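Thanks for sharing this one. Here are my notes, set out as numbered points to read alongside the structure.

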Amino acid sequence: MKDYDEYQKIMRYKYGYYSFILLLALLLLNEFIMTSPDPQWGETNGLETLFIMGIVLFVFNIATIYHNAYFSKREKVAWYLLFDVLMSAFYIFILFSNKAGFPDNLFIEGKLSFNSFNLLIGLIFLTRPITYLIRKGIDKFRDKE
């Protein structure tokens, strides 16, 4: 964390703390759901946990990128964003290349399948460049005023 300035460190700690609280809340909610008559909403229990962790990562990425705390000041952001777009395209390609077809392969017997996890990972990779570009657009708009 030596490449981050004080503001970035504070924002990363702040949103890391919020993400941890969100993770705990979602895990507790999942445990509460497990007490219902038809508890499983994912194909497996491990997939449910992966979804919860993916949602928390999704929120953390958006919050830290928007507050300029995800990348350090010295990093070459363009390479990371290019990598993210390529990885997102890869995961979306995997999703569409399945034999079952795109919308049909997200659910198996009314439960989220592993293919829907590929969609979540693809969206996580895609939100980083989108959030970064939105933030840069907002900064340019504010600089004009």
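Which helix do the buried residues of H1 pack against? They pack against helix H2 (45-66). The points below start from there; please keep in mind that this is a predicted model.

1. Confidence. The protein chain has a mean pLDDT of 89, and 95% of its residues reach 70 or more. Among the elements, helix H1 (residues 6-33) has the highest mean pLDDT, 95, while strand S1 (residues 107-108) has the lowest, 80.

2. Helix H1. With 28 residues at 1.5 Å a residue, H1 should span 40 Å, and its end C-alpha atoms are indeed 40 Å apart, so the two values agree. The buried residues of H1 are Gln-8, Met-11, Arg-12, Tyr-15, Ser-19 and Asn-30. Of these, Arg-12 also has a ring partner: its charged end sits over the ring of Tyr-4, 4.8 Å from the centre.

3. Helix H2. The same check works here: the 22 residues of H2 should span 32 Å at 1.5 Å a residue, and the end C-alpha atoms are 32 Å apart, which agrees. Among the buried residues of H2 are Leu-47, Glu-48, Phe-51, Phe-60, Asn-61 and Thr-64. Partners for the buried residues of H2 are H1, strand S2 (111-112) and H4. Just after H2, Asn-68 has a positive phi of about 55 degrees, so do look at that spot in the backbone.

4. A buried asparagine. Asn-61 lies in helix H2. Its relative accessible area is 2%, under the 20% cut-off, and therefore Asn-61 counts as buried. Leaving aside residues up to four places away in sequence, Asn-61 touches Tyr-70, Ile-124 and Arg-128.

5. The nonpolar cores. What makes up the largest nonpolar core? It has 8 residues in all: Leu-47, Phe-51, Leu-112, Phe-117, Leu-120, Ile-121, Ile-124 and Phe-125. H2 and H4 each supply at least two of them, and H4 gives the largest share, 5 residues. A second, separate core has 6 residues, including Tyr-70, Phe-71, Val-77 and Leu-81. As background, nonpolar side chains tend to be buried together in soluble globular proteins.

6. Aromatic pairs. A search of the whole structure turns up 11 aromatic pairs. In one of them, the ring centres of Tyr-91 and Phe-125 are 6.0 Å apart and the planes meet at 15 degrees, so this pair is stacked. The pair joins distant parts of the chain, since Tyr-91 belongs to helix H3 (residues 77-97) and Phe-125 to helix H4 (residues 114-144), 34 residues apart. Elsewhere, ring pairs connect Trp-41, Phe-51, Phe-114 and Phe-117 into a cluster.

7. Phe-125 in its setting. Is Phe-125 buried or exposed? Its relative accessibility is 12%, so Phe-125 counts as buried. Besides Tyr-91, Phe-125 touches Phe-83, Asp-84, Met-87 and Ser-88, not counting residues up to four places away in sequence. Phe-125 is also a member of the largest nonpolar core.

8. One more charge and ring. The charged end of Arg-135 sits over the ring of Tyr-66, 4.8 Å from the centre of that ring.

Methods
Residues numbered from 1 in each chain as written. Heavy atoms only, no water. pLDDT = per-residue confidence, 0-100. Helix = DSSP H or I, 4+ residues; strand = E, 2+ residues; numbered from the N terminus. Expected span 1.5 Å × (residues − 1). Buried < 20%, exposed > 50% of the residue type's maximum accessible area, 1.4 Å probe, protein only. Contact = heavy atoms within 4.5 Å. Phe/Tyr/Trp six-rings, centres within 6.5 Å; stacked < 30°, edge-to-face > 60°. Lys NZ or Arg CZ within 6 Å of the ring centre and 35° of its normal. Core = buried A, V, L, I, M, F, W, Y, C linked by side-chain atoms within 4.5 Å.
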